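Work through these exercises with the model open in a viewer. Try each task before reading its solution.

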Amino acid sequence: MVSIATNTPRANVGILGIGAYRPERLITNDELCQTLDSTDEWIYDRSGIRARRWISGEETNESIAVAAGERAIINSGIDREKIGAVVMTTSTWPHIVPHGAPTIAYDLGINGVPAFDLVAGCGGFCYGLGVVADMIRAGTAEYVLLIGVETMSAGLDPTSRSTAFLFGDGAGAVVVGPTEENGISPTVWGSDGENAMAIAQTSSIIEYMDRAEAMQGVDPAVEKVGRMTLTMEGQRVFRWAAITLPKALTSALELAGLHNDDVEVFIPHQANGRINDLIKKNLGLPEEVPVANDIEFTGNTSAASIPLAMEEMLATGKAKGGQTALLLGFGAGLSYAAQVVTLPPAPTEVSLRD
C-alpha cells in the first residue's frame, strides 16, 4: 500500500483583522411606520431597535461584501496574496448559480483561490468561523477571508408586523490565520429541523421562478406576486431559543476550558436586544461584561450581525483587542453555533456612520 501525504496541521488559530460595511441609508422606526401599522415605542420596546440600514443607490450584496472584505484584509495587515480561500456566509445572494464567493474573490484581486458560499441563516457567521478555523488547523489553508453579508431588505414584506421592523442590511468580514496562542475555541453547534418552518420563505425557489416567468412584462410596481418574502413565528423561535441556547453557551465555555468569569465580552447574534440581555443574565455572566447592542441602529442583519457588532464594539472602545469574547449565532434552520474567541485589534478602517 502506498503512503498518501497529508497537510501539515496547525494547532493555534485566531482572528487577525476585522472589517465591515454599513449602507448609507438609515431607516428610522418613524419612517418605517409610514407603511407599517406600528409605532416607534412599540418596535423599540419589543426589539431594542431604533433604526436599521438598507442598501440604496449603487449598493448591492456584492459591493458591500467586497467593501467589508477589503477592510478586513487591510486591518489584518496580511498581504492579500497570502489569502488562500474565501468563504461567504449569506442567505440573500441573488443567485444560486453562480454562487457568490468566487465573484467576491475576483473583485478583491485574489481570483483563483478556493471560494464558496455557506448558508446557515442567522447562525451563518459562527458556522463559517468553525469551518474556516478547522480548515486552517487541518492545513487546508493558511489564511482565510470569512465574510458575512446580507441584504435582508430585498425580501421583506413592509406591512408585516412580525418581520418588517426587524431586519437590516450590512456586511462584516474577518481574516483568520495561524497564531502563537489559540484564539478560536472548538465550535458547539447543532440544528432542529422539527422547527425549521418557524423561519421560512413564503415560497420555494421553484415556485418563485415559475411565478417570475409567468410575470414577464408585468410592471413590478403593480404586481408583486413573484416576490419571496420572509416569515417568522416569533414565539415559536423564542421558546426554542430559551431551551437550546443556554445549553449551547455552557457547552462552548466548557469546551474552551473556561468559566463564566473568564468572559470579558458577549457578542450574540443581534436578533433582539432584550433577549440578548436576558441570555447574559441567565448564563450568569458578570454584570460588568459588555453585551453587543449593534441591533439598536443596525437591526438584525442575519449572518452579518456578529462581525458588524464585533467591529462596532472595537471601533467605539466598548471592547478591546485581545479580550476574550463569547460568540453566539442562532436562527433559521433552526440552527445555532457558539465559540469563544480572542478579539482582533481595533480596526483602523471602520464602517461607522453618523
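**Exercise 1: The four-stranded sheet**

Leu 326 has Val 340 in β13 as its bridge partner. This is a predicted model. Task: find the strands that hold this bridge, then work out the order of the sheet around them.

Solution.

Step 1. Strand β12 covers residues 324-331, and strand β13 covers residues 335-342. The two run antiparallel and are joined by eight bridges.

Step 2. Extend to the neighbours. The order is β8-β13-β12-β11, in an open sheet of four strands with mixed pairing.

Step 3. Find the edges. These are β8 (188-191) and β11 (265-268), each of which pairs on one side only.

Step 4. Check the twist. Ignoring direction, neighbouring strands of this sheet are turned by 15° against each other on average.

Step 5. Add the helices. Helix α10 (residues 305-316) lies across β11 and β12, at about 150° to β11. Helix α5 lies across β8, β12 and β13, and runs at about 60° to β13.

**Exercise 2: The five-stranded sheet**

Task: give the strand order of the open sheet of five strands, and say which helices pack on it.

Solution.

Step 1. Read the order: β1-β7-β6-β4-β5, with mixed pairing.

Step 2. The edge strands are β1 (13-21) and β5 (115-118), and each pairs on one side only. From one strand to the next, the twist averages 20°.

Step 3. Inspect one pair. Strands β6 (residues 143-151) and β7 (residues 169-178) pair in the antiparallel sense over eight bridges. Within this pair, Gly 148 stands opposite Gly 172 in β7.

Step 4. Place helix α3 (residues 61-76). This helix packs on the sheet and touches β1, β4 (83-89), β6 and β7. The direction of α3 makes about 135° with that of β1.

Step 5. Place helix α5 (residues 124-137). Here the contacts are with β1, β4, β5, β6 and β7. The direction of α5 makes about 165° with that of β6.

**Exercise 3: A helix pair**

Task: classify the packing of α7 and α8, and list the residues that make the contact.

Solution.

Step 1. Two packed helices are described by the angle between their axes and the distance between the axes.

Step 2. Helix α7 (residues 234-256) and helix α8 (residues 273-283) pack at about 45°, with axes 10 Å apart.

Step 3. Apply the cut-offs. Angles under 35 degrees count as roughly parallel, and 65 to 115 as roughly perpendicular. α7 and α8 are therefore oblique to each other. The crossing of α7 past α8 is right-handed.

Step 4. List the contact. α7 supplies Phe 238, Leu 245, Pro 246, Leu 249 and Thr 250. α8 supplies Ile 275, Leu 278, Ile 279 and Leu 283.

Step 5. Sort the residues of this contact by type: eight nonpolar, one polar and no charged.

**Exercise 4: An aromatic pair**

Task: are the rings of Trp 42 and Phe 165 stacked or edge-to-face?

Solution.

Step 1. A search of the whole structure finds two aromatic pairs.

Step 2. The ring centres of Trp 42 and Phe 165 lie 5.5 Å apart and the planes stand at 80°, so this pair is edge-to-face.

Step 3. Locate the partners. Trp 42 is in helix α2 (residues 40-47), and Phe 165 is in the loop between β6 and β7. The pair links distant parts of the chain, 123 residues apart.

**Exercise 5: Backbone exceptions**

Task: where do Pro 98 and Ser 302 lie, and what marks the backbone at each?

Solution.

Step 1. Recall the background: most residues other than glycine have a negative phi, and most peptide bonds are trans.

Step 2. The peptide bond from Val 97 to Pro 98 is cis, with omega near -5°. Pro 98 lies in the loop between β4 and α4 (101-107).

Step 3. Ser 302 is not a glycine, yet has a positive phi of about 55°. Ser 302 sits in the loop between α9 (295-298) and α10.

Notes. Residues numbered from 1 in each chain as written. Predicted model: local features only at pLDDT ≥ 70, side-chain atom pairs only at ≥ 80, totals over all residues. Heavy atoms only, no water. Pairing = 2+ DSSP bridges. Axes fitted to C-alpha atoms, helices over the stretch in contact; angles between N-to-C directions. Contact = heavy atoms within 4.5 Å. Parallel < 35°, antiparallel > 145°, perpendicular 65-115°, else oblique. Left-handed = near helix turned anticlockwise from the far one by under 90°. Nonpolar A, V, L, I, M, F, W, Y, C, P; charged D, E, K, R; others polar. Phe/Tyr/Trp six-rings, centres within 6.5 Å; stacked < 30°, edge-to-face > 60°.
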